[in-house]
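Open the model in your viewer and keep the selection tool ready. We will go stop by stop.

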Amino acid sequence: MATDFTSIPIIDISPLLAKCDDPKMEEDPGVYAVVRQLDQACREAGFFYVKGHGIPDSLIREVKNVAHKFFELPYEEKVKIKMSAASGFRGYQRIGENITKGIPDMHEAIDCYKEVKEGMYGELANQWKDATNDLSRKILRGIALALGGSPDEFEGERAGDAFWVMRILGYPGVPTANCLDPGNDIGCGAHTDYGLLTLVNQDEGITALQVRNLSGEWISAPPIPGTFVCNIGDMLKIYSNGLYDSTLHRVVNSSARYRTNFDTAVEPLEICKQKTDAAKKFERAVYGEHLVHKVLTNFV
């Protein structure tokens, strides 16, 4: 359950990454220190920054440059990869097409899901996906230890063949947004994420991501060079039996600049039920069904 946090913690995960595939990783003092920080961040905010993540700055810059170039294209070019039901809801969304709680979001996006055929999204997308998937797996090994389980708690049948989702988002500056929908500066409305773990890399110099604390205050998560913002999702909330909450967050781009950025059954882990007096707080959910429901209610 989120608390009245006033800032998002920053965690150096390099000790965790260095020992992540060591069979005795949980015995390492550096790993133990990271695990304690992850547990505190997940309990108090559901959000945290990670530094020391090992993803090269050059790859991050390349992905951002490609994203900027795409969003600068004429609409006629971008719509050639338009999202549709026939494409499995993969592809391009124009500004205002994504809906959150009945209100159009002032962003455009390219949505990619796990490839049915390896390589279908091209070499760059796969390099980025492989890097972030590996990082997510290692962070989840730390979170598994934080919950009192084994490091591979979320591997194997639970998330060993993870269904990843990648969204490349572009948020127009305030003048553009107001022309499209006067009075609506919300790049993305308040929501929780539906998977296990989300990694966000933000453009520098523009603070737009906001996270809601227990009192309902919106706490800014400004971009910090060399970091990713991480947040837990609905499936981890269920696995943890509510020990970790999927925190509401939104995007408000008040700048004049443009900003870019299935079948698993999920139920509370036994170790987490024990930590919460053995009471099962959530019913069994199927991740694919949860994902599809979210997708179908997010688009017009």
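Start with one residue pair. Select Ile11 and then Val50 in β2: the two are bridge partners. Keep in mind that this is a predicted model.

Now widen the selection to the strands around that pair. β2 covers residues 47–51, and 3 bridges join β1 to it. The two strands run parallel.

Next, show the sheet they belong to. It is open and has 4 strands, in the order β1-β2-β12-β9. Its pairing is mixed. Look at the edges: β1 (10–12) and β9 (197–200) each pair on one side only. Neighbouring strands here are turned by 30° against each other on average, direction ignored.

What lies across β1, β2 and β12? Select residues 29–44 to find out: this is helix α2. The helix runs at about 160° to β1. To see β12 in the same view, add 228–232.

Move on to a loop. Select Glu97, between β3 (91–93) and β4 (99–100). Is Glu97 buried or exposed? Its relative accessibility is 9%, so Glu97 counts as buried; the cut-off for buried is under 20%. Add Lys82 to the selection. The side chains of Glu97 and Lys82 are joined by a polar contact of 2.9 Å.

Finally, zoom out to the whole protein. Colour by secondary structure: there are 9 helices and 16 strands. Of the 300 residues, 50% count as buried. Switch on the surface. The accessible area comes to about 14200 Å², and 52% of it belongs to carbon and sulfur atoms.

Methods:
Residues numbered from 1 in each chain as written. Predicted model: local features only at pLDDT ≥ 70, side-chain atom pairs only at ≥ 80, totals over all residues. Heavy atoms only, no water. Pairing = 2+ DSSP bridges. Axes fitted to C-alpha atoms, helices over the stretch in contact; angles between N-to-C directions. Contact = heavy atoms within 4.5 Å. Buried < 20%, exposed > 50% of the residue type's maximum accessible area, 1.4 Å probe, protein only. Areas by Shrake-Rupley, 256 points an atom, 1.4 Å probe, with all protein chains shown as cover. Polar contact = N/O pair within 3.5 Å; in protein donor to acceptor, adjacent residues only side chain to side chain.
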